[in-house]
Amino acid sequence: MPVLDITLKDNALIMIHSLFLINNAGDLFLEKHWKSVISRSVCDYFFEAREKAVEPDNVPPVIRTPHHYLINIYREKIFFVSVIQTEVPPLFVIEFLHRVAETFQDYFGECSESTIKDNVVIVYELLEEMLDNGFPLATESNILKELIRPPTILRSMVNTITGSSNVGETLPTGQLSTIPWRRAGVKYTNNEAYFDVVEEIDAILDKSGTTVFAEIQGVIDACVKLSGMPDLTLSFMNPRLLDDVSFHPCVRYKRWESERVISFVPPDGNFQLMSYHISAQNLVAIPVYVKQNISFFETGSSGRLDITVGPKQTMGKTVEGLVVTVHMPKVVLSANLNATQGTYNYDPVTKILVWDIGKLNPQKLPNLKGSLSLQSGAPKPEENPSLNIDLKIQQLAISGLKVNRLDMYGEKYKPFKGVKYVTKAGKFQVRT
Amino acid sequence: MTTMQKLLQLPVNAVNMVKSVQGVAQGQEEALSPVLTPDSGPQNWYNAVQPEELRHLRSGGTGGGGEGSEDRPGLEEGLTSVQSQPLRHDDLKEMLDSNKDSLKLEAMKRIVAMIARGKNASDLFPAVVKNVACKNIEVKKLVYVYLVRYAEEQQDLALLSISTFQRGLKDPNQLIRASALRVLSSIRVTIIVPIMMLAIKEAASDMSPYVRKTAAHAIPKLHSLDPEQKDQLIEVIEKLLADKTTLVAGSVVMAFEEVCPDRIDLIHKNYRKLCNLLIDVEEWGQVVIINMLTRYARTQFLNPNINESLLEESSEKAFYASDDEEDEDKKAEAATLAKRKPYVMDPDHRLLLRNTKPLLQSRNAAVVMAVAQLYFHLAPKAEVGIIAKALVRLMRSHSEVQYVVLQNVATMTIKRRGMFEPYLKSFYIRSTDPTQIKILKLEVLTNLANETNISTILREFQTYIKSMDKDFVAASIQAIGRCATNIGEVRDTCLNGLVQLLSNRDELVVAESVVVIKKLLQMQPEQHSDIIKHMAKLIDNIQVPMARASILWLIGEYCEHVPKIAPDVLRNMAKTFTNEEDIVKLQIINLAAKLYLTNSKQTKLLTQYVLNLAKYDQNYDIRDRARFIRQLIVPTDKSGALSKYAKKLFLALKPAPVLQSTFKDRDHFQLGSLSHLLNAKAAGYQELPDWPESVPDPSVRNVEIPDWSKCTSRKDRKEKKTEKPFYSDSEGESGPTESADSESDSGSGSESASASDESGSGSESEESREETESEDEEEDEEKEKKRKKRLDKTKAKKPAEESAESEQSSGTEDRKRGRKAVKNQKSASESESESESSESEDESEEESEEESESDTDIRKKKTPISKQPPKQSKKESKKERQEMSLLDLDDFEPAPASAPVTPVNFLSSSLVSDLEGLSLTNNILAPTTIAPSGSIKMYELLHRITGEGLAVEYCFSRQPFSPDPNMVAVQIQFTNNTNSETKNLHIEEPRLQSGMRIREFTEIDVLAAGESVTVVMGIDFCDSTQAANFQLCTHTRKFFVSIQPPVGELMTPVFLTENDFKKEQGKLMGMNEISEKLMLGEKCVNEHVIVERVTATANLSRVPCGSEKECRFAGKTVSSGCLVLVTVPTKEGGAAQLTVNCEKMLIGTLLVKDIMQALSQ
């Protein structure tokens, strides 16, 4: 490494030095420095890499420049580019940046350029609280919300009229308790706790329909609105299914280790309680099958496409929201197809064919059939495009996971408890 | 709530403060203003920003939209005026000077928006800094934001704000103190270094852990501002390292890492504490601590793989190059080494591994990665595997996380391939993955390839080759090449596949294939002249220079295999020479030279021609090469001695290239680090030290109190307790007087009501407030005290009460001592169980004070009797409650009604709690306790004398341990031989080998004099005969004990038919079979005796057998369920043969020994 230039001489180690937000068009629309200012020209290295990568996905997360390292994430069409000067675990920064994005999402409903610009003051305040001297300070949403109140339409109206502020008038107590994720003094008239068990099937099926690889990624999202300091215990009918789990920090590891129950004092509001992973292939039911035939002809610059989707292992539930997406080879100019159900759309620019089927009717299987026209003169594509399937099954956790009961201790009222199961297709791909 | 009250009061104070500060500020400003006009100040900055500004203006002008249009109109107005007249913010200044907070706020918001967009707002500094003492919190905050941003540029003006912060540092509210320190330390003005130093020092001993945390954060700030302060700062770090709160731990280690990472000696005394605190530290702190501890452990402990590392390396070598002899040597060497130095892991090393393991389940990828690297660098080889699953899980995360994880997995797979093999399919590639992820996954798949899985991997690769992503296809082809070089069996298959690719339409694919084929052919060229010919034909069609060069090299290298084609190729190439790329030209020259040497008749002229062309080439490399080669191969008078050796030089046998991963040897960087990712040392990277040769003194980690090592956590907790007053100065527990006159905000009414029984109400209310401060474990203590209180109360009311009698006699003195002792036991981390039954009663009493006393008495009397089964349920509920208290806050109230109905997954617990309600005695409950029968051998755990009257014996009951079938049930019998009762018998601090687990028996509340009681505990010995060590605690004493199982007790019978037995035995041949001849003892006269002897030695069941001359037994190990098969065929004259088949060879060997002994007696 060359000797650091003069502006850096007093900057010893610091984890995250600066943050730049850059939109997809390459406009830098927000910058924040936790220490002395680093010129935004440092982002030129990023732009260079961005150009080279073609797709935003392919920008290397870590970019090396002569004096700095740029660690970036791409989320919601925004690049979060952080400037690092010294050794730091890259995941530390990446994970933190995602946490920032999640916080924005949490605060503004969505994390987009326009919402960030509209709420630039809150964004700044949040960033100020989240990092101190480059080291994460308060990242728990419950604490942040006590420090800086999220904007709501009503309040922003009231604020403009009365001139009051978004910042909490009282100072938070959260940092001082041993439960950093829960704020004190929560009160609700209706005490409710909802748990969504969401499972996604990741699968690769080969041409003949056999499963090359399948696993289930599950999460339990919770929305807990309970007064006081409830202590919850969630137990499963079949906890043995859960082979590999990760928890929100509120969950007590030891109870899980010893009893296979999830015991926790919940944060207030929405949070992800746990995620799990079921990789044993025999446990993964594949809800649909796809019969497909996509062929391109050597002559006449055309091709044929014929896709049929049918139910396979649906556990007696209806498959909804079925969508088939095909990334066509570049030479495919247009598609002239006929769908027996749903609608299809071929975008000749992105070369993506989307067939939105909707509900799967087992009596009358949906079929998409027709011809593809190719660029004339171009050789026929070597490869067949793979199909990406999207689907949803309500009221079913495909792994069979069942919540047994939820018990609450520490509070006297009777909460309303609800559990919902949904299965979705995750990265569900059929090779052709 | 005090904080709230104080906050509400705050504005009143603040108003005064504001007035005075503003007065000062304005005065100073006036004095300074001639010197520091807004215009002159920021000139430098402006120059820097100018181009940027212009860019924006331009983009705004041309694009019509650009950046500006997205802004809110109000802001836009302000900003455009900023842009056009950058030095005039009159409107903003006016607003800031106004009396209305709302205007100030609006102005500050606009200023912050400017800063956020990188606009200069430095000229507003004087106007903004005046508001530093504004009473509106939001204005204040935004002023802080501004100050931190611009203080460096406007040092003199920034000084105006210092006094506000200095005052803030003394504020009674901890959050205000913390915030003042935060901003003060963020103002990078050298002149205030002494003030900062003082502030940090003070804050480091602040009552509030939050302020101390801020102090830790401030340390690196000051250090970067003025490195001269290092020594003083280290002192502060040392002090903060000793802090016992989780809040501070992460931040101070961070400061340590930044200021003095080499002062590893500061860690010694805090090592165990850090390990124990780790799980409760916030996520980011965990990462920093784990990384630091990794480095620490590398300097302080011995390499756990010291005996294996050599073995491993050699086997690795054997894989690539088959140099068997050397291999053998090394193995032998390693084996001797292993014999010489038996490795014993330092308990502190184990502590670290054990305490980090649960963090693999963190939701934070950085934490998981930190633990993974810790295990990779520190754990014994056999244990590293557990990280694989967690890392694979991270692969589902965001693509950036995947990217980093895959890089690390790639490095790990080279060293420890086996670890990830089960997860092979998780690395399969989807067409939707970003290219960089695809390529990393390929890398991992290639690293994982071995003889067994290569066919599946190659099938996968075949689909990849058809991908539309050409970079990825090229990488796939390279991957195939690497698999082919590494795994001999598939070399031909791969080669054929690659040759087929040569007819691919895509040139890139063909080119890549050529390059890879070239490398493969180098390994065995003789057999593949066809392929070489085929490739020679291709040269007309392939345009990619690298591929052309590769083909030419191949032809030149193996020209004797293609004697007819080679000259022709050269002829063609000579024609196009001038149009080729440099790399191709060089290879043409090479080819010409080689052909000249082997076949000069045909190619002499061609070579001359090529060399002549090259002589006048534009590229000097090519000219040089031509000149050099001409001298070498064309013999002239002048040509030196070298030309004789030309053939040797050019046609020397070249070693085949080893295609290896780019991730090889990357593991010398600490995994998970930036340096590892970049494969280059980043600034500030701390080398991962090598393991020390000999073990450094482990006693450095001992802390003053001699028995620290035995009860780390206890000490820990104790410390915490003393540190309680830190929480808030006014709330401190510095004595009854203070708390009595402090704000009367003491907790719940019921507590203060019951407190009236206590000696002084002062101390009680202080305690209840402690609870609101929610220290870890505080609850326990609180309860404990309550319990004690209750006891006292009961005692006072019923002096004749039997159970209270002994305590009663000893009076208050005794009580205090007892409390202390109990406190200690309570806080011990492992078994925090206290006499549950009595406690829960107390709690119920707490709930309903009216409960009849007689009832209580009856139950009191019962408790010592109904011991065994209720405890299981109670343990559950107890645990429940205690863990709750770990986290609890002020408004926690025990919920005795609901607690016992916790769903418990082991049998009969709910039933038991019912039974308890019916007040049954142990007569009925006795069946669960298996009385030690005569055949079961009792072992001594604690002798009567060493145990000071407490005798403990244990035996292996050979019953399945119902709560956990993988545990061996150990039945423990306590006998109280003293004439006073022993209380609170429980287990603490198990010291276990890796993987071993203990399920403790439920605490025994009271063991009356002369009585004995039997309990059952479960131990998972992990199928080893290693002893399980733990402490047996009574209310007064702790005893170190250990249970070492005879090998025969590690198994449990299984029932097999004769056929099954034979089948299973067939599977366990070879290494897994141990056979020994023996002479039966005199008494072993018949089958019956043999069966008896064997089953007494080992917990096996007999397998039916046709022949009388043979006895067969079967069982499986408790922990892992490996089959253990024993066969004893007898022969004439007392001779017999003993055969044991077991996958676990160690178990088998030990079992043979034991059975031999039993049979030959």
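In this predicted model, a good place to start is B:R354, which touches B:Y375 and B:L992 once residues up to four places away in sequence are set aside. This arginine sits in helix α19 of chain B, a helix that covers residues 347-356. Is B:R354 buried, partly exposed or exposed? With a relative accessibility of 35%, B:R354 counts as partly exposed. The chain also brings B:R354 and B:G995 to a C-alpha to C-alpha distance of 9.3 Å, although 641 residues separate them in sequence.

## The two chains in outline

Here are the two chains, with their overall values in one place.

| Property | Chain A | Chain B |
|---|---|---|
| Secondary structure | seven helices, 23 strands | 51 helices, 15 strands |
| Residues | 432 residues | 1161 residues |
| Buried share | 60% | 57% |
| Contacts at least 6 apart that join residues at least 24 apart | 69% | 68% |
| Accessible surface | about 16,500 Å² | about 48,900 Å² |
| Carbon and sulfur share of that surface | 51% | 52% |

On confidence, chain A has a mean pLDDT of 83, and 90% of its residues reach 70 or more. Residues 1-12 of chain A are a stretch to treat separately: pLDDT stays under 50 there, and the model gives this stretch 20 contacts beyond four places in sequence.

## Two bent helices in chain B

Helix α8 of chain B runs over residues 155-168. How far does this helix reach from its first C-alpha to its last? The 14 residues of α8(B) span 20 Å, close to the 20 Å expected at 1.5 Å a residue. Even so, α8(B) carries a kink of about 30 degrees, centred on B:S161. B:S161 is also one of the buried residues of this helix, a set that includes B:L157, B:A158, B:L160 and B:I162. Further along, B:T164, B:F165 and B:G168 are buried as well.

Helix α34 of chain B, covering residues 600-615, bends by about 25 degrees at B:L606. Here, too, the residue at the bend is buried: B:L606 is listed with B:T603, B:T607, B:V610, B:L611 and B:A614 as the buried residues of α34(B). Which helices do these buried residues pack against? Their partners in chain B are α32 (565-576), α33 (582-598) and α35 (620-633).

## Two buried polar residues in chain B

B:Y464 belongs to helix α26 of chain B, residues 454-465. At a relative accessible area of 3%, B:Y464 falls under the 20% limit and is therefore buried. What surrounds this tyrosine? Beyond its neighbours within four places in sequence, B:Y464 is in contact with B:Y428, B:I429, B:L442, B:L445, B:F472, B:V473 and B:S476, and also with A:R431 of chain A. For one of these partners, B:L442, the C-alpha to C-alpha separation from B:Y464 is 9.6 Å, with their positions 22 residues apart along the chain. The side chain of B:Y464 also makes a polar contact of 2.5 Å with the side chain of B:E460.

B:N984 is found in strand β4 of chain B, which covers residues 982-991. Its relative accessible area is 5%, so B:N984 is buried. Which side chain does B:N984 meet in a polar contact? The partner is B:E1003, and the contact between the two side chains is 3.2 Å.

## Two positive phi angles in chain A

Chain A offers a pair of loop residues whose backbone angles are worth a look. A:N133 has phi near 55 degrees, a positive value in a residue other than glycine. It is placed in the loop between β6 (131-132) and β7 (135-136) of chain A. A:Q395 is likewise not a glycine, and its phi is positive at about 60 degrees. The loop that holds A:Q395 lies between β21 (387-394) and β22 (403-409) of chain A.

How do the two residues stand in terms of burial, buried or partly exposed? A:N133 is buried, with a relative accessible area of 9%, whereas A:Q395 is partly exposed, with a relative accessible area of 47%.

Notes
Residues are numbered from 1 along each chain as its sequence is written. Chains are lettered from A and ligands numbered from 1 in the order in which they are written. This is a predicted model: local features need pLDDT of at least 70, side-chain atom pairs count only at pLDDT 80 or more; totals for chains, interfaces and linings use all residues. Side-chain values use heavy atoms; hydrogens and water are left out. Helices (H or I, at least four residues) and strands (E, at least two) are DSSP runs, numbered from the N terminus. Buried means under 20% relative accessible area, exposed over 50%, partly exposed in between (1.4 Å probe, protein chains only). Contact means heavy atoms within 4.5 Å. Accessible areas come from the Shrake-Rupley method with a 1.4 Å probe; for residues, only the protein chains shown count as cover. The expected span of a helix is 1.5 Å times one less than its number of residues. The bend at a residue is the angle between axes fitted to the seven residues ending there and the seven starting there. A polar contact is a pair of N or O atoms within 3.5 Å; within protein, one must be able to donate a hydrogen and the other to accept it, and residues adjacent in sequence count only if both atoms are side-chain atoms. pLDDT is the predictor's confidence in each residue, from 0 to 100.
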